[in-house]
Amino acid sequence: MKKIGIIGVGEYLPKKILTNADLEKMVDTSDEWITTRTGIKERHIVSEGEAASDLAFNASNLALADAGIKAEDLDLIVVATITGDMPFPSVASILQNKLGAMHAACFDISAACAGFVYALSVANQFLACGTYKNALVIGVEVLTSVTDWLDRGTCVLFGDGCGAVVLSEVKSGGIISSYLGCDGSRANILNMPAGGSRCPATHETVDKRMHYIKMQGNELFKIAVNTMTKAALVVLEQAKMTFADVDLIIPHQANARIIMAVAKKLGIPEDKVYLNIERCGNMSSASTATALCEAVKEGRVKKGDIILLDAFGAGLVWGASVIQW
Ligand code: UT7
């Protein structure tokens, strides 16, 4: 098997920012509640008419420039998203056309907040066995398109954004191990009930606000901490490493309290944890993707460093990856 690593990164966040103060005017909430319960201060949100593939296009161009390759050199595009431009075709297909990546096979992956880690792992398999050479892997979400602005329990949490990476063969390091999992028996505690084949869109489903994210946050909290802790342990064991080997952990950014509880359980000091939740909120698959891009751009990841991606979300699904930079 070939060694596959990330050779370019790109992040795009929509220009518009929604602060906690703005939310105080929309629902019965406070900056104090949101900050202490979640760690979120503000989030980027799309402008009218801006969709997932628009964000992905901007992030992809940056990632391609960073990697020093052209769109026509791509032979695979994998997009992790649960908020595509439309139910079909895939964001990857729409993006292929925008980029002019005419030689790339394209598909989306639906694994919610673990989507980017799932997508990285899938693309890695194609490249490691030699089927494809250059892959563009993206985590993109426009969660505000499925956010119920009347529900204070969820609307304060989410944001929009995109992180893109280019994967290719590397001489050393790269993706060392990946661990993906799912517990479908708990699928009901975080979902969007309508708009699929179980409950197609009707006037009634719209009136009942069934096209928005429904979440039992409290129940998820504990499962998130335990699952992310376990995923980190398993993937490091697979890599024959311990936490002492990890230079930076890049977790899914659902809640700063979840992340710090995981770090504490694992004995990882806070300065080894990358956070962008304060500025971006929870962007599902885009959270780990953008956090990775930012950590690289800020110089928090240096050549040879070991980074640990650790994500958890609706499904319930989880994914963790150990990567040597
Ligand atoms: O993305 C991957 C999956 N998602 C997660 O992993 C999310 C996990 N869950 C969480 O992050 C947290 O559970 C939340 C941030 C969603 C909620 O925090 P919490 O500490 O679990 O609060 P809670 O839901 O238990 O609510 C506590 C109180 C309630 O009031 P009462 O019943 O105690 O009077 C809520 O009505 O806080 C109230 N509340 C709010 N108050 C002000 C809920 N949302 C708000 C709000 N502003 N926005």
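Domain bounds here come from an automatic or database domain assignment. The model shown in these views is predicted.

**Figure 1. The ligand lies between domain 1 and domain 2.** Domain 1 covers residues 4-171 and domain 2 covers residues 176-324. Both domains give residues to the shell around the ligand, so the ligand lies between them. In this shell, 25 residues surround the ligand. By class, the shell divides into 12 nonpolar, 9 polar and 4 charged residues. Two or more residues come from each of the elements α2, α6, α8 (217-238), α9 (256-266) and β12 (306-313). Helix α8 gives the most, with 5 residues.

**Figure 2. Polar side chains of T29, N218 and N255 approach the ligand.** The closest residues of the shell are T29, R37, N218, N255 and N282. For T29, an N or O atom of the side chain is 2.7 Å from a nitrogen atom of the ligand. N218 places a polar side-chain atom 2.4 Å from a ligand oxygen atom. In the case of N255, a polar side-chain atom lies 2.7 Å from an oxygen atom of the ligand. Taken alone, the ligand exposes 960 Å², and the protein buries 73% of that area.

**Figure 3. A salt bridge joins R152 and D28.** The closest N and O atoms of this pair are 3.6 Å apart, inside the 4 Å cut-off for a salt bridge. R152 lies in helix α6 (residues 152-155), whereas D28 lies in the loop between α1 (20-24) and α2 (31-38). The two residues are 124 apart in sequence, so the salt bridge ties together separate parts of the chain. With a relative accessibility of 49%, R152 counts as partly exposed. D28, at 61%, counts as exposed. The cut-off for exposed is over 50%, so R152 at 49% does not reach that class.

**Figure 4. E294 and R279 meet in a salt bridge between two helices.** The N to O distance between their side chains is 2.7 Å. E294 belongs to helix α11 (residues 285-297) and R279 to helix α10 (residues 277-280). This pair links parts of the chain 15 residues apart. What relative accessibility does E294 have, and does it count as buried or exposed? E294 has a relative accessibility of 5% and counts as buried. R279 is partly exposed, its relative accessible area being 34%.

**Figure 5. E204 and K208 form a salt bridge.** The closest N and O atoms of E204 and K208 are 2.9 Å apart. How many salt bridges does the structure hold? The structure holds 8 salt bridges, among them R152 with D28, E294 with R279 and E204 with K208. Side chains of opposite charge can pair when their charged atoms come close.

**Figure 6. The backbone of V235 faces a polar side-chain atom of S177.** The backbone oxygen of V235 lies 3.0 Å from a polar atom in the side chain of S177. V235 is in helix α8, and S177 is in strand β8 (residues 174-182). V235 counts as buried at 0% relative accessibility. S177 also counts as buried, at 7%. Between V235 and V78 the C-alpha to C-alpha distance is 22 Å, with 157 residues separating them in sequence.

Note on methods: Residues are numbered from 1 along each chain as its sequence is written. This is a predicted model: local features need pLDDT of at least 70, side-chain atom pairs count only at pLDDT 80 or more; totals for chains, interfaces and linings use all residues. Side-chain values use heavy atoms; hydrogens and water are left out. Helices (H or I, at least four residues) and strands (E, at least two) are DSSP runs, numbered from the N terminus. Buried means under 20% relative accessible area, exposed over 50%, partly exposed in between (1.4 Å probe, protein chains only). A residue is near a molecule or strand if one of its heavy atoms lies within 4 Å of it. A polar contact is a pair of N or O atoms within 3.5 Å; within protein, one must be able to donate a hydrogen and the other to accept it, and residues adjacent in sequence count only if both atoms are side-chain atoms. Accessible areas come from the Shrake-Rupley method with a 1.4 Å probe; for residues, only the protein chains shown count as cover. Ala, Val, Leu, Ile, Met, Phe, Trp, Tyr, Cys and Pro count as nonpolar, Asp, Glu, Lys and Arg as charged, and the others, Gly among them, as polar.
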